[in-house]
Every structure is written in structure tokens, then in C-alpha cells.
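Biologist: I'd like to learn how to read cysteines and strands in a model like this one. Could you walk me through it?

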Amino acid sequence: MSLFHKLSALALTAMCALGADAEFKTFPDGQPVDKWFNDTAVKSLSEQGRQYDITAHGVVKGDTALIQTEAIQKVIDLAASQGGGVVVIPEGTYLTGSLFFRPGVNLHLVKGARLKGSDAITHYQIIKTRLEGQTLDYFAALVNAIGCDGFTITGEGTIDGNGHRFYDEFWLRRKVNRKCTNLEALRPRMLYVADSKNVTVSGITMKNSGFWTNHIYRCERVKYVGVTMLAPTEGYPKGPSTDALDLDVCRDVLVSGCYMSVNDDAVCLKGGKGTWVDTIAGNGPVSNVIIDRCHFRNTNAGVTFGSEAWDCSNVILNDCTFDNPHHVLLFKMRPDTPQRYRNVLVSGVKGTVRSAVEVQPWRQFFNKTERDPMPESSVSNVTCRDMDVTCSKAFFSKGKLDGAYKLSDFTFEDIKAVEPDGVGFDTTGITDCVVKNVVINGVKY
């Protein structure tokens, strides 16, 4: 059995275990959780309006060599012109460049369907978009939905970014220039949704994205339910910066019953960077995010704050399984950016990670300018409870730059950890830290 099929089987197991909806009542700051978060029901195909099978409108069925961007886009535009509905990708493989969905038009991939991205960057339009905490002209994603309230992707099929050629180019550039950035490698994201409300992605498999797998920007009420997100994490070439889900200036997000195994962060919170981050148009906070009953394998972290984030609050990671990621929770602290990470709850975590919780200075693309006074960066009101993990390094580790940020109001409760390296449990530097029933290598703290 191939690695992909093994991962798919694990993902299916995780989805089947989802069961009844969880019930969340309050966020870490005490704010009530809207009932919207406690409902993972997804519209069926028949509930999404008129169906537009792409092969009934000029798209050649299952031709794996033919680029059909224009033909598929015509179906999307036809659906929009006739009042909306759902574009249906039937069984087979359909090769395309960047596609742009319109308001009222959804996407459904039946079982056995594969929407496959071209591996030539010339098939992706250059648009004004958002990347790495800035607005710039860059390549569109494979699937784009901008200003599309209610946009939905459903089904049991696959979106395949076909990214291996992009991976090769990235690693080759790195051999020539060690400081080569992501943007210089010229590669597309898989899904970009911006300026939209009530977005749902459900059931599908997303694999081999050329760049970030999902990039959600300035959106509200976003649900990912039972989605499998994969990119190569072993052997050559690994998929560089294939983040599973990047939430960039978003509010009210539920990620439920998803499986993520990518060669970078799983759920990554973004919102901007730089010394004057809070004054720049387009930047903003991320808040009210619930990640529930997900399975993480070979990712950098289950949840990463940064490196392009500055104001993140009310984040819950609940009842999740970790199968060898680097971290459960990672806070990236940029000395060039005033950051406030707060109101975080991790509960019911089990599995194996390298470092469960880490606060890490981050200097990649460092660019500090003069600001007097520079607002203080901080991580506060973080609770980790009911955890059973094996770690290959310290349960809580940090590499603080003197005076760069403040850590306060952490609670560690009902935690069992095995550390083969015997590092122990270090909470030095945290103001107002509560430790209750924490057992590391059989030693109670």
C-alpha cells in the first residue's frame, strides 16, 4: 500500500470517528460560543441548487493531458449567469490552471473525481492578492473565490495541486541561493478564499499543493469538516511551505474532523507582520477559532501563531490526536513585530510530538524599523489541560530574547508526558503560572 493510501485510510478512520457534534459553550475569554460552531451539518448536493456537470458543457471527460482551464471557467461563468448553483466535477481527471468562482456558484467533486492543477506556472493568472502578510501582484491559486459569500466545496473527490515540479524548482533555487524566499520560487496555492462569509469545505481530499494548501483571507464563519490535506513530508522532494490551512485576518472558524499531513504548519494563524503592523491596511486580527477532533501527522505544529501574525485570540484546540508533528502549539515571536497572542485553550490532546508547547523567537525576513515606544509583545492566558503526550524534548521550551516579549497567565493541568531525553518541565520566565497535576517521566510538578 502506498504512503498516500495509508494516509487516506487514516484520514477516513478519523472522519468516521467524528460522530456527534461537540458542544462548546464559552471561549477562553468567557465570551459565549455561538451555536453555529456546534453544527457540522453540510449542505447535500441537491440542496446547492442547479447542477452543472462540466462534461455536459464542453469539458472533455477524463483527459489527463488536456489543459481545460477555459472550458471549466466557462461552466462556472454559465452557472453565475443563470442565477448560481453548483459546478460538478464527475469521475475522472481534469487538468486546469487557475479558476475563479463567482458569487452563488459552488463546487462539488464526486467520488473518483480529480481536479488537477497544471504544473506550469504560466497557467496561473497574476492578480492582486495577499501573501506572507502583504498585498502584492502574484499568481492566483488553483481555485479562487473572492467576494463569494456562501461559497461551498463538497464531495468525496480530490483537488490535486500536482506540485512536484514546483517542489523541485524550489529546492533547486535553495541550492543556488540559500536565502531564496517562497515568493521567488513562483508557485501557486491550491485554494484562496477572500472577503467572504459562510464558507464551507467538506469531505474532499486536497493533496500536493504547489504552495499553501488553503489560504483564507478576511473571511468570517468558515467551516472545514472532514477534509483531508496532504503533501509530501518524507523522501524527495518534500512539499515546501504546503501549510494545510492558513487563516489570515479571519473570525469565527471551525475545523472539525480533519486530517492534516503536510510539510509545514497545519493550522496557521496569520494577519500581518512588521514594526507598524497595526497601522497597515489589509492587516488584522484572527479570533474565535475552534479546532476539534482533528488528526495531525508530520506537520510543524497543530496550531502555529505566526510568523505573520500579531493579534490572535480565543483559540481552542480540542480532543486532537498527534502522530509525530514537531509541536502541539507553537508561538512564533518576531522581534520586529508587536504581537499579542492570548486566550488559548488546549484540551484532550494525545499522541507523540517533539515539543508540546513552545514559544520561539522568529527572525526570518527580519525587518525592524524605528518605533518609539515599541508596543510590548506578549503571550497570555494560555491553558493546557488533559494531555497525554510523548515528547522528544522539553514539554514547555522557549528561547527568549531578553525583553522581547512577556509570558503570563499560563495554566498546565492534568498532564502526563513522557520525555525520553529527560529534559523535565521548565516554566521559568512565565509570570503567574499555575501547575496542577503535571507528571513528567513519573515526576510530579
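**Cysteines and a buried strand**

Modeller: Gladly! The structure, a predicted model, holds zero disulfides. C250, for instance, is in no disulfide, and the nearest cysteine sulfur, in C219, lies 5.2 Å away.

Biologist: What is a disulfide, in general terms?

Modeller: A disulfide is a covalent bond that links the sulfur atoms of two cysteines. The cut-off here is 2.5 Å between the two sulfurs.

Biologist: Why is C312 without a bond to C268?

Modeller: Because the two sulfurs are 8.9 Å apart, which is too far for a bond, and C268 holds the cysteine sulfur closest to that of C312.

Biologist: Are C250 and C312 buried or exposed?

Modeller: C250 is buried, with a relative accessible area of 1%. C312 also counts as buried, at 1% relative accessibility. The cut-off for buried is under 20%.

Biologist: Now the strands, please. How many of the five residues of strand β24 are buried?

Modeller: Five of the five, so strand β24 (residues 301-305) is largely enclosed by the rest of the structure.

Biologist: Which strands does β24 pair with?

Modeller: One is strand β21 (residues 267-270), paired with β24 in the parallel sense over three bridges. Another is strand β27 (residues 327-333), which runs parallel to β24 and is joined to it by four bridges.

Biologist: Which residue could I follow from strand to strand?

Modeller: Try F305. F305 in β24 is the bridge partner of L269, and F305 also stands opposite F331 in β27.

How values were computed. Residues numbered from 1 in each chain as written. Predicted model: local features only at pLDDT ≥ 70, side-chain atom pairs only at ≥ 80, totals over all residues. Heavy atoms only, no water. Buried < 20%, exposed > 50% of the residue type's maximum accessible area, 1.4 Å probe, protein only. Helix = DSSP H or I, 4+ residues; strand = E, 2+ residues; numbered from the N terminus. Pairing = 2+ DSSP bridges.
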